[in-house]
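Reader: Could you take me through this model and set each label against its definition?

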Amino acid sequence: MSKYTIGVDFGTLSGRAVLVNVETGDEVAVSTYEYPHAVMDTTLPDGTRLGQDWALEHPQDYLDVFAHTIPDVLKQSGISPDDVIGLGTDFTACTVLPVKADGTPLCFMEQYKSNPHAYVKLWKHHAAQDKANRLNEIAEKMGEDWLARYGGKISSEWMFPKLWQLLEEAPEIYEEMDYFVEAADWVIWQLTGVQTRNSCTAGYKAIWHKQKGYPSKEFFGALDPRLANVVEDKLNCPISPLGQKAGELTEAAAKWTGLKPGTAVAVGNVDAHVCVPAVKIDGAAKMLAIMGTSTCHMLLGTEEHTVPGMCGVVEDGILPGFFGYEAGQSCVGDHFAWFVDNCLPASYYEEAKAQNMNIHRYLREKAEKLAPGQSGLVALDWWNGNRSVLVDVDLTGMILGMTLQTKPEEIYRALIEATAYGTRKIIETFRSSGVPVEEFYAAGGIAEKDPMTMQIYADVINMPIHISGSSQGPALGSAIFGAVAAGSARGGYDHIFEASHAMGKLKDVVYYPIPENVAVYDQLYAEYSILHDYFGRGANDVMKRLKDIKKQAAQ
C-alpha cells in the first residue's frame with residue numbers, strides 16, 4: 001500500500017495543502033484556503049486604526065487552513081489517514097506573534113483584542129524601519145561581527161526590529177507575553193503540543209548562529225536596557241535543525257485535521273528555503289530563484305563567506321551539511337502587474353479582448369517580437385526598494401531612454417529585463433565574494449508560465465535555466481520534509497537528500513542562452529550597472545530626496 005505525506009504552505013493571503021505520494025512524488029490532491037482576515041494593514045477586526053506601513057494577520061486563519069485543507073485533500077483523494085505518515089509546513093518569514101507559555105496568542109485574549117501589537121506581524125510589516133536603522137547603527141558602532149553575515153544590514157522585516165517596536169510602543173504586551181515566536185514554529189506547536197524553534201528562521205531572521213548563538217546581552221542592552229535578557233526571557237527554546245521531527249500530531253489536532261494521532265510532524269520551515277529539495281538540488285553552487293511577486297534566491301555553499309547585500313548565510317539553514325545563502329529582489333511580478341494595471345492605453349485592452357486574450361498574454365506576445373536592445377530602454381528594478389545587493393527600501397524605480405516613439409510593450413520588456421539584470425547583479429556579487437554559482441534553477445508562477453521572461457533571464461545571466469516540475473514548490477518541499485520526519489521505519493526516508501531525489505520534480509524544458517542575445521545584454525547590463533551604482537550607492541540620492549518631498553507634500 002502506498003504511503004503519503006502532506007505539505008502545508010502558508011502564504012501571505014492563503015494557505016494550501018498538497019498530498020504527495022512518498023515513493024513517486026506525485027501530487028495527488030491540492031486544496032487552498034483564503035485567510036478570512038487577509039492582511040490587516042488599515043484596521044483591526046474591531047475597527048482599531050493601524051499606523052503607516054503596518055501589516056498584521058490573525059493566527060486563527062492559520063488554524064483554519066489546517067482544518068479546511070487537510071480534510072479536503074483526504075476527501076478529494078480518497079486516501080485513508082492511516083496511509084498518511086508525515087506532515088510538513090512552511091511559512092513566510094519573518095512572521096511573528098506574542099504568545100503565553102501554553103502557546104495562546106495574546107490577540108485571543110479579550111483584554112488585548114484592540115491592541116495591534118497582540119497580533120501577528122507579517123513579514124512585510126515595515127513600521128519598525130526606524131528600529132532597524134538604529135539597530136544597524138548600534139551594531140556597526142559596536143563592531144558586531146554578525147552584521148556582515150546579513151550583508152551589512154538587518155531589515156525591518158527581521159525579528160528584533162519588530163520585537164523592539166513592540167517593547168517601545170506596547171510594553172504591557174511585552175511584559176504579558178512569555179514568548180515571541182515565528183508563526184512557522186507556532187503552527188507546529190499547535191499540531192504537536194511541543195514548542196520548537198527552527199534553525200532556518202532563527203538563523204536568517206533572528207541573528208542566530210549555529211556556533212555562536214544569538215548576539216550578546218551587551219548588544220541587546222545597548223538597544224534598550226529592557227532588552228538585555230530578551231533571549232532568555234522571550235526566545236528561550238532550543239533551536240531544532242531542519243529535517244528533524246518536531247513531534248507527533250496530538251489528539252486535539254487529529255480531530256480538526258482528520259489525520260491520525262501520532263502522525264509525524266516536521267520542524268517548521270520557510271517558504272522559499274523549503275523549495276530547494278523540491279527541485280532536486282543536492283549540492284553547492286546551484287542557485288534557485290523562486291519567482292513570483294518578488295524573488296528569493298537560494299544558494300548552497302561549502303564555506304561561510306560574507307557577501308555584500310545578502311539576506312543571510314546560515315549553516316544547515318537550507319539543507320544539512322551546507323551553508324545556505326539567501327538573497328532577493330523585492331519587486332518582480334508586482335513590477336509587471338503595476339505596469340499592466342496603470343500604464344496601458346484602452347486600445348490594448350480592446351485589442352486583447354477582440355483576440356480573446358488575457359491582457360498579460362497579449363502584451364507578452366507583442367514584447368516577445370522585440371529584439372534585445374531594440375527599444376533603446378534600460379530600467380532599474382526598484383519599484384519596491386532594493387533587497388539585494390543594496391538593501392535599501394528607499395530606492396525607487398527608473399526607466400531611461402524613452403521617446404515619443406516608445407511603445408508600451410517596449411517598456412514592459414525593459415521592466416522584465418531590469419529584474420533579470422538585478423538577478424545577474426546578485427549572481428556576480430556572490431561569485432566575486434568567493435561563493436560559486438554554476439547552475440540556475442527557477443520555480444514559481446513566472447518560471448512555469450512565462451517562457452519569454454525565462455529566455456530573457458537565460459540570455460542576461462548567460463546560464464541555462466532548469467524549471468521546477470511542481471506548481472506547488474513550497475508545499476511539495478514541506479511534504480518532502482514530512483517524509484523525512486516520518487523516517488524509513490514508517491515508510492518515509494531517513495535523509496532529506498534521499499527524499500528529494502525520489503519526490504522532487506523538474507520539467508524536461510531547459511532555457512539555454514542565445515549567444516547573439518547574450519552579446520547585446522552584456523552591453524545593456526553594463527549600462528544598468530552604471531545606473532545601479534550611481535543612484536544606489538550614494539553618488540546621487542535624488543530618489544530619496546524625491547521621497548522626502550512627496551512625504552512633505554502629503555502632510
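Author: What follows takes up cysteines, ring pairs and a charge over a ring. This is a predicted model, in which local features need pLDDT of at least 70, side-chain atom pairs count only at pLDDT 80 or more, and totals for chains, interfaces and linings use all residues. Residues are numbered from 1 along each chain as its sequence is written, and side-chain values use heavy atoms, with hydrogens and water left out.

Reader: Why is Cys200 not counted in a disulfide?

Author: A disulfide is a pair of cysteine sulfur atoms within 2.5 Å, and the closest cysteine sulfur to that of Cys200, in Cys296, is 10 Å away, so the two are too far apart for a bond. The sulfur of Cys275 lies 9.2 Å from its closest cysteine sulfur, also in Cys296, and is likewise too far; the structure holds zero disulfides.

Reader: What makes Cys275 buried?

Author: Buried means under 20% relative accessible area, exposed over 50% and partly exposed in between, with a 1.4 Å probe and protein chains only; Cys275 has 2%, so the label applies.

Reader: Why is the pair of Tyr421 and Tyr525 called tilted?

Author: Rings of Phe, Tyr and Trp (its six-membered ring) pair if their centres lie within 6.5 Å, and planes under 30 degrees apart count as stacked, over 60 as edge-to-face and the rest as tilted. The centres of Tyr421 and Tyr525 are 6.3 Å apart and the planes stand at 55°, so this pair is tilted.

Reader: What places Lys205 over the face of Trp158?

Author: A charge sits over a ring if NZ of Lys or CZ of Arg is within 6 Å of the ring centre and within 35 degrees of the ring normal; Lys205 lies over the face of Trp158 at 4.0 Å from the ring centre.
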